[in-house]
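Student: Could you walk me through this structure? I have not looked at it before.

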Amino acid sequence: VQLVESGGGLVQAGGSLRLSCAASGRTFGTYAMGWFRQAPGKEREFVAAIKWSTAYTYYADSVKGRCTISRDNAKNTVYLQMNSLKPEDTAVYYCAADPKAWLTTAYIRLVSTYEYWGQGTQVTVSS
C-alpha cells in the first residue's frame, strides 16, 4: 500500500483545511486508516482514525469537535477535515494504514500499530 497526502498549507488561526490521503492497493476498503502529526522537537502523535466501517471513528482529545475523519473506499481516499485551527495544530500530518481488523480503541491510536505511512504534508497555522 502506498499513501500520498495532500491538502496541507498555511492558514490563519480559526481557519480550516481538508487533508486527503490517496491510497493504492485493492484492499484499501478493509484497512484501518489513521492521521498522525509531528511538530518540531516532538514525538509523532495520534490525531484521528477510522476503521473499515465508517461507523468507527476515533479522535484525540485535542482535536475532538474540530476535526472529522472520513473515507471514500470507492476513491481509495481518506480525509481529515480540520476546522477552528489553532497555532498548536502546526505540524507535519501523516496518513497511516494497517490491515489488521481487530484493532481496539487503544491500539488504533498507537504509531507502532500502523504498517504503512505516507510522506506527510505540512500544516502551518499562524496566529
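Tutor: We shall take the strands, the charged pairs, the aromatic rings and the surface in turn. Please keep in mind that this is a predicted model.

Student: Which strands form the open sheet, and in what order?

Tutor: The open sheet has 4 strands in the order β1-β3-β8-β7, and the pairing is antiparallel. At the edges are β1 (3-6) and β7 (67-72), each of which pairs on one side only. From one strand to the next, the twist averages 15°.

Student: How many bridges join β7 to β8?

Tutor: There are 6 bridges between β7 and β8, and the two strands run antiparallel. As one point on that pairing, I69 stands opposite L80 in β8.

Student: And the loop between β7 and β8, what is found there?

Tutor: One residue in that loop is K75. K75 counts as exposed because its relative accessibility is 55%, and the cut-off for exposed is over 50%. The C-alpha atom of K75 is separated by 9.8 Å from that of S24, although these residues are 51 residues apart along the chain.

Student: Let us move to β9. Is it mostly covered or mostly open?

Tutor: Strand β9 is mostly covered, with 7 of its 8 residues buried.

Student: What does β9 pair with?

Tutor: Its partners include β4, which runs antiparallel to β9 and is joined to it by 7 bridges. In that pairing A32 stands opposite D98 in β9. Strand β11 (residues 121-126) also pairs with β9 in the antiparallel sense, over 3 bridges, and there Y93 has T121 as its bridge partner. A further antiparallel pairing joins β9 and β10 over 2 bridges, where the bridge partner of A97 is Y116.

Student: You mentioned D98. Which side chain meets it in a salt bridge?

Tutor: That is K100: the side chains of K100 and D98 meet in a salt bridge at 2.9 Å, N to O. In general, side chains of opposite charge can pair when their charged atoms come close.

Student: Are those two buried or exposed?

Tutor: D98 is buried, with a relative accessible area of 0%. K100 has 29% relative accessibility and so counts as partly exposed.

Student: How many salt bridges does the count come to?

Tutor: The count comes to 5 salt bridges. A network of them links R37, E45, R66 and D89.

Student: What does R37 do in that network?

Tutor: R37 forms a salt bridge with E45, in which the closest N and O atoms are 2.6 Å apart. The side chain of R37 also meets that of D89 in a salt bridge, at 2.9 Å from N to O. D89 lies in the loop between β8 (77-82) and β9 (91-98), while R37 is in strand β4 (residues 32-38), so this pair ties together parts that are 52 residues apart in sequence.

Student: How covered are R37, D89 and E45?

Tutor: R37 counts as buried, at 6% relative accessibility. D89 is buried too, with a relative accessible area of 1%. E45 counts as partly exposed, at 36% relative accessibility.

Student: Changing topic: how many aromatic pairs are there?

Tutor: A search of the whole structure finds 5 aromatic pairs. One of them is Y31 with Y116: the ring centres are 6.2 Å apart and the planes are at 35°, so the pair is tilted. Y31 is in the loop between β3 (17-23) and β4, and Y116 is in strand β10, so the pair links parts of the chain that are 85 residues apart.

Student: Are those two rings on buried or exposed residues?

Tutor: Y31 is buried, with a relative accessible area of 9%, whereas Y116 counts as partly exposed at 23% relative accessibility.

Student: Which residues form the aromatic cluster?

Tutor: One aromatic cluster is formed by F36, F46, Y114 and W117.

Student: Finally, which residues make the nonpolar surface patch?

Tutor: W102, Y107 and L110 make a nonpolar surface patch of about 320 Å². Of these residues, L110 is placed in the loop between β9 and β10 (116-117), and L110 counts as partly exposed, with 37% relative accessibility.

Methods
Residues are numbered from 1 along each chain as its sequence is written. This is a predicted model: local features need pLDDT of at least 70, side-chain atom pairs count only at pLDDT 80 or more; totals for chains, interfaces and linings use all residues. Side-chain values use heavy atoms; hydrogens and water are left out. A salt bridge is a side-chain nitrogen of Lys or Arg within 4 Å of a carboxyl oxygen of Asp or Glu. Buried means under 20% relative accessible area, exposed over 50%, partly exposed in between (1.4 Å probe, protein chains only). Two strands pair if DSSP finds at least two bridges between them. Axes are lines fitted to C-alpha atoms, for helices over the stretch in contact, and angles run from 0 to 180 degrees between N-to-C directions. Patches are made of residues with over 30% relative accessible area and no salt bridge: like charges are joined within 9 Å, nonpolar side chains (Val, Leu, Ile, Met, Phe, Trp, Tyr) within 5 Å. Accessible areas come from the Shrake-Rupley method with a 1.4 Å probe; for residues, only the protein chains shown count as cover. Rings of Phe, Tyr and Trp (its six-membered ring) pair if their centres lie within 6.5 Å; planes under 30 degrees apart count as stacked, over 60 as edge-to-face and the rest as tilted.
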